[in-house]
Every structure is written in C-alpha cells, then in structure tokens.
Amino acid sequence: MSDSSRYQPQAIEASWQRAWQQHGLHETPTLEPGEQGFYALSMFPYPSGNLHMGHVRNYVITDVVARVQRLRGRKVLHPMGWDAFGLPAENAAIERGVDPGAWTDQNIASMRSQLDQLGLSIDWQREVATCHSDYYRWTQWLFLQFLEAGLAYQKDATVNWDPIDQTVLANEQVDSEGRSWRSGALVEKRKLRQWFLKITDYAQQLLDDLDQLDGWPERVRTMQANWIGRSTGAELQFEVITAEGQPSGERITVFTTRPDTIFGATYVVLAPEHPLVASLTAVEQQLSVEAFCDLVSRQSEQERTAEDKPKRGVPIGAQVRNPATGDLIPLWIADYVLADYGTGAVMGVPAHDQRDFLFARQYELPVRQVIIPEGSDEHAFEGGAWTEAGVLIHSGRFDGLPSGKAKAEITAAAEAEGWGQERVQFRLRDWLISRQRYWGCPIPVIHCDSCGVVPVPSEQLPVELPRDVAFSGKGASPLAQLDSWVQVACPCCGKPARRETDTMDTFMCSSWYFLRYSDPHNTQLPFSRSAVDAWLPVDQYVGGIEHAILHLLYSRFFTKVLRDRQLLSCAEPFTRLLTQGMVQGVTYKNPHSGKYIPPGEVADPTDPRDPISGEPLETFFEKMSKSKYNGVDPASVIDRYGADTARMFILFKAPPEKDLEWDDADVEGQFRFLQRLWRLVEAAVERGLSLADGAGGPEAVAVALVTAQQGAGLTQADAALRRAVHTAIAAISEDLDGDYQFNTAVSELMKLSNAMGSVLAESSDVFACEALRNLVILLAPFAPHLAEELWLKLGGRDDTDALQSSSVHRQRWPQSDASALVRDTVPLVIQIKGKVRGSLDVPADADKATLEQLALSSDIAAKWLEGKAPSRVIVVPGKLVNLVP
C-alpha cells in the first residue's frame, strides 16, 4: 500500500488496519460439527481510558498465538471486551458530576482505538462490556441459577463503615492508616446483611482438579492450592462451665490439625465477633471486653493476622472444660482469631504452637508440655514451642505413642466419647459478592415482608440500573436512596416490596465473560450449549500473575457450577495459562527523601542526581507506574517507530513469563531490523523476483529439487540458503509450540535475515523466492503490517485479489524440509596448544584418518606447528581435531 522505497510504518499500518477491518479478516469462522477450533484469549481490561505497556505485552502475546494458529489452518476465536463495572466510574461521578455509564463508554471508545493501533487480530463483532444491560442481564440470570441451586444465600458480615459520611467503603477506599479516603475518619467495622456464594461446596473439586491443569504454571496451581487450604484434623468440643462450676449447656467447638496436643490445651480463644462472647462475658469483664472488641473492629484482617505483630487479647471471665483432662481452663478473646474462619475458636497449646507460646508468655498463661522428641525429656524445650513430631507425655493412656499415631487414636476416642470427630476443613471461605455501590450489576431479588426473598422472574430481567441518580459519596448506596427504584410490587403476592439495593462484586461479571464470547448475540440465553461446547475450554489464556487466585479461582468455580446445571460440558475453563511478566521502566529515586524523579529531569543518566538538591540518585528497574514517573506511553512509541516495532521489542526483550526491562536502545534495534527486512525485499523486487503464481511455493520448489538432483545438484549458495530457511522454520515452529519462547523466535528471524543477506544474491530465483516467501510468513504473526506490505510488494497478492483469501495472514505455516538441513560439509575446529586456532569445512562423512590428514595439511597447522610434527593427535569426528605439539 506504500510506494515509498523507505520503511515508513506510519504510511502503511493504519491503511492495513482499515483493510483488515473492511474485509472482515479477523471475524470468527463458523465451526462445522465436530470441527476443533482454537480459542485465544487475553484477560479483558478495565476501561480506564489509557493503554499502558502491560496491556500491550498481554495483548500482543495473545495476538501472536492467534495469528500462528490461523496460519496453521485452525479456525480461531480471538475476542475482546471490557470489565467495565467498578469503583473508578462511581468516583468519577462523585468528583466530576458525570454519568458513570457515559464516562465508561467514552473510555471504552478511547481504548478500543488504541488497541486497533497495535494491529491486533481481534474479532470486534463479539465485543462485550459488562456494564451494558445486554450483558448484565445474563449475569443476573446466572445469579438466579446459583440461588435456585442453593449456592447463593444471605448472612451478616462485616463491612468498612465511614462514621462521618455514613457510608460503606470498599477496601480500596481505606488507606494504610485505616482512614476513609474522602472524610479522613477512622473506619469502623459494622455488620450488614450480605450475599454470598457457596464456593466452599466446591472446595474439594477445585483442589482435586488442579492436577488436570498441566498447561498452567506450577506457581499458580500452588497458589490456588494454598488458598483453598485443605486441612485434615478434628473438631473438639469444650464444655462451658458457669461461675458456680456447673455445665452451662453451651459448648465451644474448635478445629485443630493437632488433636495429639489436646492434653496440652491450657486456654481457649474466641474471635471477638463470636456470637457467644456477649452471653459468656462475666459482669466484671464487660468493660474491658467491650473496649477490646471496639479496638479490634478498627483493624483489618491483614493487621489482625500479621505474623510480625504481637497478639493481643483479654479474658472474658468464663471457663471451659478440657475434654481430655477434665481441667477447667480460661476462655479468652484475641485479635488473631477470625469469626468467619473455621469455627471462630481455637484451643491454646503454648507448648506446641509458637503463636500460642508467645501469647501465653505475654499473659502468663500455663504451658504444658505433652510431646517431646524421641529420646529427649520434657525440659529440653522450655524456652519455646516444640512443633515437630515426637512422643506423647502427660497424655494419660496415650503416653508413649508417636504423635502421628496419637492423632488418629485421640480422634477415635473423642468420637467414641462424644466430645469430637474427624473433620476436613478448608481455608477457603464463601465468596462475599455484595457491594454497597451503585456502579455494579444489581442483584435480582426482591424482599417481601410476606414472601421473604423473591427472585426477579427471568422474563423481567435485566433489572436495570436507574440513570437519574445523585452521587454525593455520603449516606447509603445511591440505589438505596432512590425510592422510585426501590419500591416495587412483590412478583409472588403483589404486595409492596423492596428491591435488593446491593450490587454484585465485579468478579461476578468476569467469572463468565469468556463463555459469552462463544455466543455474544444470543438474546434467549447467556450462551447456547452447542456454541459453548464447540469453543470451550479456552485453549490459551493470557494475563497477569496478580489474578492467580481470585479471578481464576472464581472462573473455575463458575464453570463447575454451570456444568452441574447442564449449561455446558467442560469442567475447567482454561486449558493453558500464560502469566506474562511485568513491564519495568528505569526508575530514579532519592534515597534520602524517598521521592521519585522523572527521567526527563535527570541531566546525566550516567551520574544521576536530584535536580534540586544535587544528591546522588538510586537507579533501578521497577514496574511502570505514574507515581514513579517511569512509564512509557505506548502511543509515543507507535507514533515514532510504528506498532510492529513495539510488538517486536515486547516479544524479543524477554521470555513472556519474565519481567521485561524497557530500553529505548533495544527499541531502536528492532526498528533497524525491520528496516533491513524492508531493504532486503526491495532488493529482491529490483532483481525481478516475484511470488506471483506460487513462485517459491512447495510445488515450485519440489520441481526445482528434482531438476537439481537430475543434474549437478544444488549450488553451494542454494544449499546454504535452504539450510538457513528450514533451520529457521524448525526453530521458530518449536518456539511457538508448548512453552512459548517468542524472544528466541524473533532471534531466529534475525538469523535468517542475516543469512539471506549473505547468499540471496547468489541463489537461483526459485530458492530465493522460497526464502522470501517463508521469511514473510514467519514474520507475519510478529509484525503483521510489515509482513502484509512485503507480501504485496513481492507479488504474493495483487490489489485485485480478495484480501480474505490472499492476505499473508491467510497463507499456511511453512513446514521444515529435513533434507535441507543435511550438510555435505561440516565445520571442523582445529585446536593447537590447547587453544582454538581456526576451523575447516570438511566432508560430513569423513572418517578419523581423513580428518587427521586434512587437519595436518591445513594452513592452520603449518602456521602454528612451524614444521614440527605433533606428538599426539586427538580426533573427535564431526567436531574437532586437537594437535598436541
């Protein structure tokens, strides 16, 4: 499309992007029954309005995968959409007085334009935005599926409460000091009725099926396994004793993985939020217990459970009976015990748990040793907790048992005597999906005083967000303040009722979007069974490691539930997962002030100094961010070098799973490489080479090879060229299979270009055309605009051909010819006096005697042996000859 003799990406890239769009080159083909397609997907972005280099890396990686699969003859689904609900739009509404929907749509349009500039082969016909009612209608429909299955329920849960603005805050709106982002008030913890999904019902499946995900990084599977956190142990019952020493009728249940230590339990700790705390607290302890509960309510869960912080607690003035010893032991509350983890109660065994030991020492609670290392005595570990296996002591009839065996026997005794039972527990907790915000998917239920919780009938979906809403950032959720929206008739009895005013966690929307892409225009269902089964699971999913747990775990949960609801067949949503590394920029920081300095203000990067104080600056690479002034705007790189250069650099600089350090010099290097390719093709065109009519294709090459075999064989230049071409095909094909190595694939392209530059002029037309054809096709996934332009220049298509069939991106991925890799000669290294002195080209089938003779008669031997015969000759066939003087 360009008549210029110079590579000018700005002149060709936009025009090719328009041509691809006009001809529908990236639209998803229809799969025939039984036909296997390929589903390539990047994690969809939040539409912030600005593309950053992390986005570029993610989407370019997926685009290369999609383009390669098309060249290999697969029908490809490569869609894109927008994770568009969330707090930033609501904050924009509060701060700027804009409509969240209009603000979001404007950002979507801006980011889509930026994505188009990258030359991504996205099927925009399948675009979805989670904030549009034609999408969230089906998010609501799926919520009702969970409700019908008994997997959605309400219970009281803790939220962040701003006492000044009288509103609920998201975790992101609470600063590191526990204060509201708007009012500055110390945030309180309050109980509200909230919606949950029973992900814990699928905990064992989610854990077991990790073994099937051999296409996922081991690190991600381990992170999910740890998050699910399966523990096998026992639930033990501690009877509560009244002040008069009588059983109260209440029991405290604790879960422990160490039932072998029950005889060493010297206290029990409840979470401050435990429902029994109020009723069991003695009168004389009420003030201190209330003050402590108030203090703990201001702490985050992370603060309460942090390993490096001292644990705090108070006794509540009640006692429980140790079921194994019969001893009365005190009941405490402490900050490190959480109400919604396990049973909200733990037994304190300070001799065998380091946290319990430190707590007991701080509050002078008794320490009772009940396990010792075999061959030791009970006084060997008085300065700390013994947490390893050992032999039981002070444990009644279980004395002398190995601790592993004692776990089973004590649990069996507890079951037989009615004070315990074996139990499997998971760290995973049910998923809280309620958000007291406006900009989210409304939860489709109605609260009726007569009928209770009533699902909105499916024919009345979607429950749409009202647009006539006032945003102040104060008081209840904007939805709760809009009576005209809240007040409705009950669908069952017709009496006045109230809509649910909570909206859904945005992870609800992102836990099924990949299913909607298979059938995005379906108005009867979120997707048809036939469409979703044809395309799912996703063959290659690409995204950041930061989504290793929540998004990926929730998506797996959704898929399993929908399978059990007979809506789809697959048990796992993503066959292969690639977690790309971060893009890092050079960062300057004043170590004394802690301030980051923009690179543009650093006068001399070789001796970086603070432009104001003159102090030396630290220089390092760190994840690009606005606050560190180390970001690089993708638009500026594209404007200067073109999208293909940006793509090539992103792919070449580092393996995809590793962090990438941005370097302007390396960007320049990739631009120069693409310029060399341009000049290489220009020279070929001037020579009169053309790919028209299949020149250089497999059939033409096969005929030329037969002709050569009937004559004198290939010339040295033709053989060298074919060897370079087919070596590159084999290496790049391998790099794009299995564990992707885009960086080495680009390196192989550079090697091929260099080899062609050396011998192309001496090669015959047919093999020169074969090299050019394969070079451009191999280049196409990486630099799609340039490849398309070079294909046109070489006559691979003309302007009258339909782009849909004749584009370089519609060709077939080349196959390596093993015969081309066979060498008639091989390089032989000559070593003399222990050092490499040179090399010779020798017949590939030469025996040891021939190799020795060739080495001794060489100019290299004459120079370094100075006429003297070597005392010893060592021959390694095909590799080297070592001449020892």
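Colleague: Where do I start? How many helices and strands does the chain have?

Modeller: The secondary structure comes to 28 helices and 33 strands. Keep in mind that this is a predicted model. The C-alpha atoms fill a box of roughly 110 × 80 × 70 Å, taken along the principal axes.

Colleague: And what share of the 885 residues is buried?

Modeller: Buried residues make up 52% of the chain. A residue gets that label when its relative accessible area is under 20%.

Colleague: Let's try cysteines. How many disulfides does a search of the whole structure find?

Modeller: Zero. To count as a disulfide, two cysteine sulfur atoms must lie within 2.5 Å. Take Cys 490: its nearest cysteine sulfur belongs to Cys 448 and is 3.7 Å away, and Cys 490 is in no disulfide. Cys 493 is in no disulfide either; its nearest cysteine sulfur is that of Cys 448, 3.7 Å away.

Colleague: Are those two cysteines buried or exposed?

Modeller: Cys 490 has 4% relative accessibility, so it counts as buried. Cys 493 comes out at 34%, so it counts as partly exposed.

Colleague: Okay, now the rings. How many aromatic pairs are there, and how do I read one?

Modeller: The count comes to 32 aromatic pairs. You look at the distance between ring centres and the angle between planes, and over 60 degrees counts as edge-to-face. Trp 332 and Phe 359 have ring centres 5.6 Å apart and planes at 80 degrees, so that pair is edge-to-face.

Colleague: Where do Trp 332 and Phe 359 lie?

Modeller: Trp 332 is in strand 12 (residues 328-334), while Phe 359 is in helix 11 (residues 354-363), so the pair ties together parts that are 27 residues apart in sequence. Trp 332 is buried, with a relative accessible area of 7%. Phe 359 is buried too, at 1%.

Colleague: What about the rings of Tyr 541 and Phe 574?

Modeller: Their centres are 3.9 Å apart and their planes sit at 15 degrees, so this pair is stacked. The cut-off for that label is under 30 degrees. This pair also links distant parts of the chain: Tyr 541 belongs to strand 24 (residues 538-544) and Phe 574 to strand 25 (residues 574-580), 33 residues apart. Both Tyr 541 and Phe 574 are buried.

Colleague: Which residues form an aromatic cluster?

Modeller: One cluster is formed by Phe 146, Tyr 202, Trp 431, Phe 507, Tyr 554, Phe 557 and Phe 558. Try picking them out in the structure.

Colleague: Which arginines lie over the face of a Trp?

Modeller: Here are two cases. Arg 427 lies over the face of Trp 227, 4.6 Å from the ring centre. Arg 837 does so with Trp 864, at 4.0 Å from the ring centre.

Colleague: Next, empty space. What shows where it is left?

Modeller: You roll a probe the size of a water molecule over the atoms, and that shows where empty space remains. In this structure there are five cavities of 30 Å³ or more. The largest has a volume of about 100 Å³. Its lining has 15 residues, and Glu 90, Gly 473, Lys 474, Ala 476 and Pro 478 lie nearest its centre. By class, that lining has five nonpolar, seven polar and three charged residues.

Colleague: And what lines the second largest cavity?

Modeller: That cavity has a volume of about 60 Å³. Its lining residues include Ile 94, Asp 162, Trp 181, Arg 437 and Gly 473. Strand 6 (residues 167-169) gives the most to the lining, with three residues. The classes divide into four nonpolar, four polar and four charged.

Colleague: Last one, a pocket. What volume does the second largest pocket have?

Modeller: About 540 Å³. It is lined by 19 residues, and the closest to its centre are Leu 714, Ala 719, Arg 723, Val 822 and Asp 824. Two elements give two or more residues to this lining: helix 21 (698-710) and helix 22 (716-735).

Colleague: Which helix gives the most to that lining?

Modeller: Helix 22, with five residues. By class, the lining of this pocket has seven nonpolar, six polar and six charged residues.

Note on methods: Residues numbered from 1 in each chain as written. Predicted model: local features only at pLDDT ≥ 70, side-chain atom pairs only at ≥ 80, totals over all residues. Heavy atoms only, no water. Buried < 20%, exposed > 50% of the residue type's maximum accessible area, 1.4 Å probe, protein only. 1 Å grid on protein atoms, 1.4 Å probe; cavity = no way out; pocket = protein on both sides within 12 Å on 5 of 7 lines; lining within 4 Å. Points joined across faces, edges and corners; volume = space filled by probe spheres on them. Nonpolar A, V, L, I, M, F, W, Y, C, P; charged D, E, K, R; others polar. Helix = DSSP H or I, 4+ residues; strand = E, 2+ residues; numbered from the N terminus. Phe/Tyr/Trp six-rings, centres within 6.5 Å; stacked < 30°, edge-to-face > 60°. Lys NZ or Arg CZ within 6 Å of the ring centre and 35° of its normal.
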